[in-house]
Amino acid sequence: MKKRTQAPPRKSRQPAKRAAPRREPAADGAKPTIRRLRGELARALRKIEELQASADTDFLLGIPNRRGFER
């Protein structure tokens, strides 16, 4: 008779946990770029509000036009 040996322990089938990627500090030019883009966004939003208001107002009389009345 053959002598039985123990089977090697089974490996876990769960994937190994990975460390979260480190965030590096922003590059030197990132903050001014973000600041500039926020300014552009604020100007664009103001322009949109201005255009929406002018679309609802008669440009000669300054009173609501048909679109303004329907709203």
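I began at helix α2, where Glu 70 and Arg 66 are four residues apart and therefore separated by about one helical turn. I noted at the outset that the model I am reading is a predicted one. The side chains of Glu 70 and Arg 66 meet in a salt bridge, at 3.2 Å from N to O. I looked up exposure for the pair: Glu 70 is exposed, and Arg 66 is exposed too.

Entry on the whole chain. I find two helices and zero strands in the secondary structure. The chain has 71 residues, of which 1% count as buried. I put down an accessible surface of about 8200 Å² for the chain, with 55% of that surface belonging to carbon and sulfur atoms.

Entry on salt bridges. How many salt bridges does the structure hold? I have five in my list. As a reminder to myself, side chains of opposite charge can pair when their charged atoms come close.

I went to helix α1 next. Arg 36 and Glu 40 both lie in this helix, four residues apart, which I note as about one turn. Their side chains form a salt bridge with an N to O distance of 2.9 Å. I checked how open the two residues are. Arg 36 has a relative accessible area of 44%, so I entered Arg 36 as partly exposed. Glu 40 stands at 37% and is likewise entered as partly exposed.

A further pair in α1 is Lys 47 and Glu 50. I see a salt bridge between their side chains, at 3.8 Å from N to O. These two residues are three apart in the helix, so about one helical turn separates them. Lys 47 is partly exposed because its relative accessible area is 44%. Glu 50 is partly exposed as well, with a relative accessibility of 48%.

Entry on the loop. I looked up Asp 56 and found it in the loop between α1 and α2. Is Asp 56 buried or exposed? Its relative accessible area is 15%, and the cut-off for buried is under 20%, so I count Asp 56 as buried. Which residues does Asp 56 contact, once neighbours within four places in sequence are left aside? I list Ile 63, Pro 64, Asn 65, Arg 67, Gly 68 and Arg 71.

I then turned to Phe 59. This residue sits in the loop between α1, residues 30-55, and α2, residues 66-70. Phe 59 has a relative accessible area of 74%, and I therefore entered Phe 59 as exposed. I also found Phe 59 in a nonpolar patch on the surface, together with Leu 60, Leu 61 and Ile 63. The accessible area I have for these four residues together is about 520 Å². Ile 63 appears twice in my notes: as a member of this patch, and among the residues in contact with Asp 56.

Last, I set the two loop residues side by side. Asp 56 is buried at 15% relative accessible area, whereas Phe 59 is exposed at 74%. Asp 56 and Phe 59 are both placed in the loop between α1 and α2.

How values were computed
Residues are numbered from 1 along each chain as its sequence is written. This is a predicted model: local features need pLDDT of at least 70, side-chain atom pairs count only at pLDDT 80 or more; totals for chains, interfaces and linings use all residues. Side-chain values use heavy atoms; hydrogens and water are left out. Patches are made of residues with over 30% relative accessible area and no salt bridge: like charges are joined within 9 Å, nonpolar side chains (Val, Leu, Ile, Met, Phe, Trp, Tyr) within 5 Å. Accessible areas come from the Shrake-Rupley method with a 1.4 Å probe; for residues, only the protein chains shown count as cover. Buried means under 20% relative accessible area, exposed over 50%, partly exposed in between (1.4 Å probe, protein chains only). Contact means heavy atoms within 4.5 Å.
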